[in-house]
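Me: I'm new to this structure and I'd like a close look at a single part of it. Could you pick one strand, walk me through its surroundings, and show me how that part sits in the whole?

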Amino acid sequence: MRLGRYLLPFAVSYGCANAQLINPNNITFGNPFNFWTKTQDGWDLTRGNHTNTITLPLPHPAGNVTIQPAASAMVIIDMQNFFLHPELGGDPLGRALVPTTINMIHAFRANGMKVLWTNWGLTDFDLTTMPPALFRGFSSDGTSATSFGSDMGTIQGNISVGRKLMRGSWNAQPFGDLLDEQVGGVANGTDFYFNKNRLSGMWGTSTPMQTFLQDNMITTLFFGGVNIDQCVWGTLLDAYYKGYDVILVDDISATTSPMAATGMVDFNAALNGWRANSTDIIPPLFVS
């Protein structure tokens, strides 16, 4: 049934949720299918499923956040050669995120929490539906000849960079050690890879990643990657609009934009959900 398809990811404990919603202290926010409970020192995001919960001590004023590992995932956005490799003019701030990102990946895997990769990976059909604003935004010289799908030549003598951000190309692969993490994680069933054709990996009525989240009853998402004010922010914001819990992880996110852009994202992410650093998240995950 169509209605059930959209309610299912959040309908994890209807009886418990219904009881919580009629509590006399008004500490539950949401509806019987999707709700948070206010605690004395923070928030409970488990929606009534308290099996093997983990409490994360997030920075003031957010307070503690209690999550259900089986319903939580890390989302890594656009950590690709195109944006990070030094010979393509990649961002050194983004490259500096790689070790911390890998630490987060290992902590999530250790707790059975899924790691999701969503990267630009276009098809020729995508090029026929791409709006002009995006073609202009990804042009290297102000002409359409150097935008999406254009041949980027070779680097280091023998590396074929491939067509710009096209699926399967070298420039669209995860950068450096992240490639081995992604390939190994997908092979082992801990990680999942989703191509996207817009800045947001959650853009549209239903994207491959959103379908996966629904099918696996995942409701809490931790975001990192590049650029924090563009693709990370777009994906986080669309997830927020669709009813997911959103937690921005600052020290695995970066941008080439002016500092004001990051300030905007940090301010609004704290309103839409929570902000944290890996140092707030990793220790309790390994204790658990």
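Reply: Let's start with a word we'll need: two residues are in contact when they have heavy atoms within 4.5 Å of each other. With that in hand, and keeping in mind that this is a predicted model, here's the overall picture. Take the contacts in the protein with a separation of 6 or more: 65% of them are between residues 24 or more positions apart.

The protein has 12 helices and 13 strands. Its radius of gyration is 20 Å, close to the 19 Å that the globule rule gives for 288 residues, so the protein is as compact as a globular protein of that length. Along the principal axes, the C-alpha atoms fill a box of roughly 65 × 40 × 40 Å. Of the 288 residues, 52% are buried.

Now for the close look, at strand β6, which covers residues 72-77. Is this strand enclosed or open? Six of its six residues are buried, so β6 is largely enclosed by the rest of the structure. The cut-off behind that word is a relative accessible area under 20%.

It helps to take the strand one face at a time. In a regular strand the side chains alternate between the two faces of the sheet. On one side of β6 you'll find Ser72, Met74 and Ile76, and on the other Ala73, Val75 and Ile77; both faces are covered.

Which strands pair with β6? One is β11 (residues 220-226), which runs parallel to β6 and is joined to it by six bridges. If you want a spot to look for, find methionine 74: its bridge partner in β11 is phenylalanine 222. Another is β7 (residues 114-120), also parallel, with five bridges to β6. Here the spot to find is isoleucine 77, which stands opposite threonine 118 in β7.

For another buried spot, hop over to aspartate 250 in strand β12, residues 245-254. This aspartate has a relative accessible area of 17%, so it counts as buried. Leaving aside its neighbours within four places in sequence, aspartate 250 touches Ile228, Asp266, Arg275, Ala276 and Asn277.

Finally, step back out to the surface and the charges. The protein exposes about 13,000 Å², and 56% of that comes from carbon and sulfur atoms. As for charge, there are 15 positive and 21 negative side chains, and the centres of the two sets lie 8 Å apart.

Note on methods:
Residues are numbered from 1 along each chain as its sequence is written. This is a predicted model: local features need pLDDT of at least 70, side-chain atom pairs count only at pLDDT 80 or more; totals for chains, interfaces and linings use all residues. Side-chain values use heavy atoms; hydrogens and water are left out. Helices (H or I, at least four residues) and strands (E, at least two) are DSSP runs, numbered from the N terminus. Buried means under 20% relative accessible area, exposed over 50%, partly exposed in between (1.4 Å probe, protein chains only). The radius of gyration is taken over C-alpha atoms; the globule rule is 2.2 Å times the number of residues to the power 0.38. Accessible areas come from the Shrake-Rupley method with a 1.4 Å probe; for residues, only the protein chains shown count as cover. Lys and Arg count as positive and Asp and Glu as negative; His and the chain ends are not counted. The place of a charge is taken as NZ of Lys, CZ of Arg, CG of Asp or CD of Glu. Two strands pair if DSSP finds at least two bridges between them.
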